[in-house]
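Me: Please take a close look at the surroundings of the ligand in this model. I would like a connected account of what lies there, together with the pocket and the confidence of the prediction.

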Amino acid sequence: MADSENKIKSSEITPESVYLNRRNLIKAGLIAGTTVATGFGYRFFNPRPVKTVEKAEIENFQKSGEKLTDELTDLDDITGYNNYYEYSTSKTAVAAAAVSLKTRPWKVRVDGLVNKPRDFGIEDLLKIDQEERVYRFRCVEGWSMVIPWIGFPIKKLLEKVEPGPRAKYVAFQTFYPGSNPTGLKLPDGNNGMQSSIFAGISFPYIEGLRLDEAMHPMAILATGLYGKEMPNQNGAPIRLVVPWKYGFKSIKSVVRITLTEEQPPTTWNNATPNEYGFYSNVNPNVDHPRWSQATERRIGELGRRKTLLFNGYGEEVANLYKGMDLTREF
Ligand code: MTE
C-alpha cells in the first residue's frame, strides 16, 4: 500500500489550483481542529458551571468611568472557578454546592470598639450608594481575573458605627452554621456546607485588616458583579474585596465585622503561618515557600503574565506600608 501511494503524487493527477486549494483546505481544517481542540482542552479544565441561583439586577449603581486596560474575565469563569472551602475544595464544584446558600434574611453585625454597634440587614446595606469597581483579582495560587464588582467602600459602613479611639484593626467573619453571632439559622441542616475536617481549615472563615487599610477608598464590601447581585459561589450576599491583596483576604458571605485593638487571627495564617501572613499584599518579590509569585495565569488567557507589586495598585496604596519590610511582614 505505502509503495503504490509513493509512486504517484496527488499533485501529478490533480490540476494544481485544485491541489493547492485542497492543501489550503487541509491547513484550514487543521487550524480549525486545533482551535476547537484547544477550546475543548480549556473547557475540559475549566468547565462551564451548572445552573445556579438567578440573581436580581442591581438597578442603581454608579458605572465605573475607569478606562480599562485589562479585558474583563468571562462571567462563566468568574462564577465557575471558585474558592469557597465551606462548600467544596474543588473549584469547579463550588457553584453547584453553593446553590443551597440562603441569603435572605441576612444580617451583618458590626461591633467591637465602636460607639454605635448594630446589626445591618442586607436591605440596609444595599441602600448605601452602590458603585461599580473593576479590579484585578490575584489569587495566591497563581491565577488572576478581572472582575466588575459592585459595592461600596467599607469606610462608609464603618463611619456609621463610629470607630472608637482604641480601634486599630477590623476582623471579619463568614457565615457558618452554629457559629453565627447574628442568630441567623440555616433552614436545612448543614445546607450543603462541608465540614472543616474535609476543608483542612477551621470554620468559620475569619479575616482581618488594619483599620487604615479598611478605611482606604479602594477596599470595598461587594454586593454584586456584572450588574447583578452577588452569585452564591462568589460570596453572596456581601463579601470583602481588597484588590491589592491576595484573594484569600477577600472573605465571603460576611456576617460579622468587629473592630479590635489587637491584630485579629486569620484563617490561612492560623492554618499555615509560614506560608500565609496577615498582610498578604500581592508581591512578586516574595515567593510562596512552595512556588514562585513572579507570574500569574490570567484565566481565559494562554501563557502567563508578570505579577505586579500590590497587584498594580501601588500608586494608590503603597503609602499604607511606608517603613515596613514587606519581605518580613508578609
Ligand atoms: N471566603 C470564605 N468564606 N471561604 C473561602 O474558602 N476563599 C478565599 C476568598 N474568600 C474563601 C473566601 C480565596 S482562597 C479566594 S482566591 C477567593 O475567596 C476566591 O473568590 P472567588 O471564588 O469569588 O474568585
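Reply: Around the ligand there are 17 residues, and those that come nearest are Tyr85, Glu86, Thr174, Arg239 and Lys252. The model is a predicted one, and the distances that follow are computed from it.

Two of these nearest residues have side chains paired with nitrogen in the ligand. In the side chain of Glu86, an N or O atom is 2.8 Å from a nitrogen atom of the ligand. For Thr174, the corresponding distance between a side-chain N or O atom and a ligand nitrogen is 2.9 Å. An oxygen atom of the ligand is also engaged: a polar side-chain atom of Asn234 lies 2.9 Å from it.

Turning to the pockets, the largest one has a volume of about 450 Å³. Its lining comprises 28 residues, of which Asn83, Tyr84, Tyr205, Gly247 and Phe248 are the closest to the centre. By class, the lining residues divide into 17 nonpolar, six polar and five charged. Strand β5, which spans residues 143–153, gives the most to this lining, with four residues.

As to confidence, the protein chain has an average pLDDT of 87, and 84% of the residues score at least 70. Residues 1–37, however, have a pLDDT below 50, and this stretch makes five contacts in the model beyond near neighbours in sequence.

Methods. Residues numbered from 1 in each chain as written. Predicted model: local features only at pLDDT ≥ 70, side-chain atom pairs only at ≥ 80, totals over all residues. Heavy atoms only, no water. 1 Å grid on protein atoms, 1.4 Å probe; cavity = no way out; pocket = protein on both sides within 12 Å on 5 of 7 lines; lining within 4 Å. Points joined across faces, edges and corners; volume = space filled by probe spheres on them. Helix = DSSP H or I, 4+ residues; strand = E, 2+ residues; numbered from the N terminus. Nonpolar A, V, L, I, M, F, W, Y, C, P; charged D, E, K, R; others polar. pLDDT = per-residue confidence, 0-100. Contact = heavy atoms within 4.5 Å. Near = heavy atom within 4 Å. Polar contact = N/O pair within 3.5 Å; in protein donor to acceptor, adjacent residues only side chain to side chain.
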